[in-house]
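Biologist: I've got this chain open on my screen and I'd like to walk through it with you. Mind if I throw some questions at you?

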Amino acid sequence: MEDVLRPLAVIGGSLAITLSVGWAVDRLLRRTDARHAETPLWGLLRRCRFPLQVTVCTALLRGSYDQTHARVVREHASGVAQFLALVLIAATAWLAMRVSAAVVESSYYRYAASAHDPARVRRVRTQVTLIQRVVTAVVGVVAASAMLLTFPAMRTVGASVLASAGILGIVAGVAAQSTLGNLFAGLQIAFGDMVRIGDTVVVDGEWGTVEEITLTFLSVRTWDERRITMPVSYFTAKPFENWSRGGAQKTGSVLFHLDHSAPVAAMRVKLGEIVRMSPAWDGRDWNLAVTDTTPSTMVVRALVTARDADDAWTVRCEVREQMITWLREHHPYALPRITTATVQPPRTSPESEDRRLTRLDDDLSKDGTRQG
């Protein structure tokens with residue numbers, strides 16, 4: 001009977017303590033979150049309840065498994081200890097990742113709530129995202145190394161591994177040159193403020209918004225919902241357009257190729273009416289001027305301002321559509337035209353024309369002979 005009751009008592013006691021600790025921590029975090037609603041940290045830490053319970057339960061079992069005096073435990077004591085140690089390391093790493101993610105997200109939310117510059121908020125968001133990924137990678141590597149070192153064979157070859165670390169480092173550096181380059185490029189992007197999550201960029205002729213930045217690649221969401229994924233080293237080695245850097249406000253232009261008789265003054269008045277009716281116009285400035293001429297047309301440019309790149313695109317489309325409609329309905333002569341003329345067919349056949357030219361030549365020859 002003792003062989004049954006003792007394992008049940010040890011395991012049941014560990015589970016009871018685990019559930020009690022999880023419930024108490026969750027209740028404490030809930031009350032703290034209610035008292036301090038200005039920070040989301042305590043609410044985010046509640047996500048750590050399950051990894052905390054796994055860590056506590058594994059630690060209790062790791063310290064008390066030999067007290068069960070169970071036959072299976074006595075026969076496989078080293079295997080049970082090894083398994084519990086691996087689970088404990090993995091659970092601790094999981095808990096550390098959750099806690100670090102909660103702290104980073106809470107810091108970002110508090111900064112975003114108090115900041116008034118959207119560009120600076122996007123910069124901080126990019127930095128905290130990459131910091132969180134770096135922390136996750138470091139914790140994962142440390143946990144994996146600790147799990148490997150629990151095996152006696154790995155501890156035995158530890159000295160040999162350290163002795164050859166220099167050579168292995170050189171080989172790994174050469175083999176992973178591209179990966180390491182992308183890694184350092186990601187850190188350079190995060191802290192160099194070159195491009196941020198949410199920025200509007202033009203890359204290889206594609207216009208889109210930066211959707212995700214990792215330590216190795218960057219994803220751009222285009223206007224037609226496509227995703228362009230490229231290594232982050234691209235943005236440190238090649239030029240690209242960042243429409244969000246230096247402020248989100250933009251000036252858009254619309255070009256009209258019109259006839260020389262187009263009413264430029266009336267178009268300027270109509271442009272003012274269009275932009276005032278457009279919700280995408282930010283109210284800063286607008287202008288219309290003739291910028292170029294050709295033998296058959298002239299180029300009229302309309303400039304409009306907007307709060308960001310999306311609004312600039314919208315107001316440009318509105319100006320283009322409404323201005324063309326207004327010209328077509330009220331000033332159709334201003335639209336470019338292609339002048340063509342019909343070719344009159346010859347009234348005589350080619351044979352008769354040749355005979356006429358021959359007689360003309362003969363007459364000219366006779367006149368020359370008489371004069372001579």
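**Strands, faces and one ring pair**

Modeller: Go ahead, and keep in mind that this is a predicted model. To get us started, V202 stands opposite E241 in strand β5.

Biologist: OK, so how many bridges join β1 to β5?

Modeller: β5 covers residues 241-242, and E241 is the residue across from V202. The two strands run antiparallel, and the number of bridges joining them is 2.

Biologist: V202 has a partner in β2 as well, so which residue is it?

Modeller: β2 is residues 206-213, and it pairs with β1 in the antiparallel sense over 4 bridges. Within β2, the bridge partner of V202 is W207.

Biologist: Which residue in the hairpin of β1 and β2 takes a positive phi?

Modeller: That hairpin has 2 residues between the strands. The phi in question is near 55 degrees, and it belongs to D204.

Biologist: Are the side chains on the two faces of β1 buried or exposed?

Modeller: β1 is residues 200-203, with T200 and V202 on one side and V201 and V203 on the other. Both faces are covered, so by the cut-off of under 20% relative accessible area these four residues are all buried.

Biologist: Now β6. Which residues there point to the buried face?

Modeller: The side chains alternate along β6, residues 250-258. T251, S253, L255 and H257 point to one face and are not buried. Pointing to the other face, and buried, are K250, G252, V254, F256 and L258.

Biologist: And what is the bridge partner of L255 in β8?

Modeller: β8 spans residues 298-306 and runs antiparallel to β6, with 9 bridges joining the two. Across from L255, the bridge partner is R301.

Biologist: Let's switch to rings. How many aromatic pairs does the structure hold, and of what kind?

Modeller: The count is 1 aromatic pair. Its members are F50 and W94, with ring centres 5.6 Å apart and planes at 75 degrees. An angle over 60 counts as edge-to-face, so that is what this pair is: edge-to-face.

Biologist: How many residues apart in sequence are the parts this pair ties together?

Modeller: F50 lies in helix α3 (residues 49-64), while W94 lies in helix α5 (residues 77-114). The pair therefore ties together parts whose separation in sequence is 44 residues.

Biologist: Last one: what share of the chain's residues is buried?

Modeller: The chain has 14 helices and 8 strands. Out of its 372 residues, the buried ones make up 32%.

Note on methods. Residues are numbered from 1 along each chain as its sequence is written. This is a predicted model: local features need pLDDT of at least 70, side-chain atom pairs count only at pLDDT 80 or more; totals for chains, interfaces and linings use all residues. Side-chain values use heavy atoms; hydrogens and water are left out. Buried means under 20% relative accessible area, exposed over 50%, partly exposed in between (1.4 Å probe, protein chains only). Two strands pair if DSSP finds at least two bridges between them. Rings of Phe, Tyr and Trp (its six-membered ring) pair if their centres lie within 6.5 Å; planes under 30 degrees apart count as stacked, over 60 as edge-to-face and the rest as tilted.
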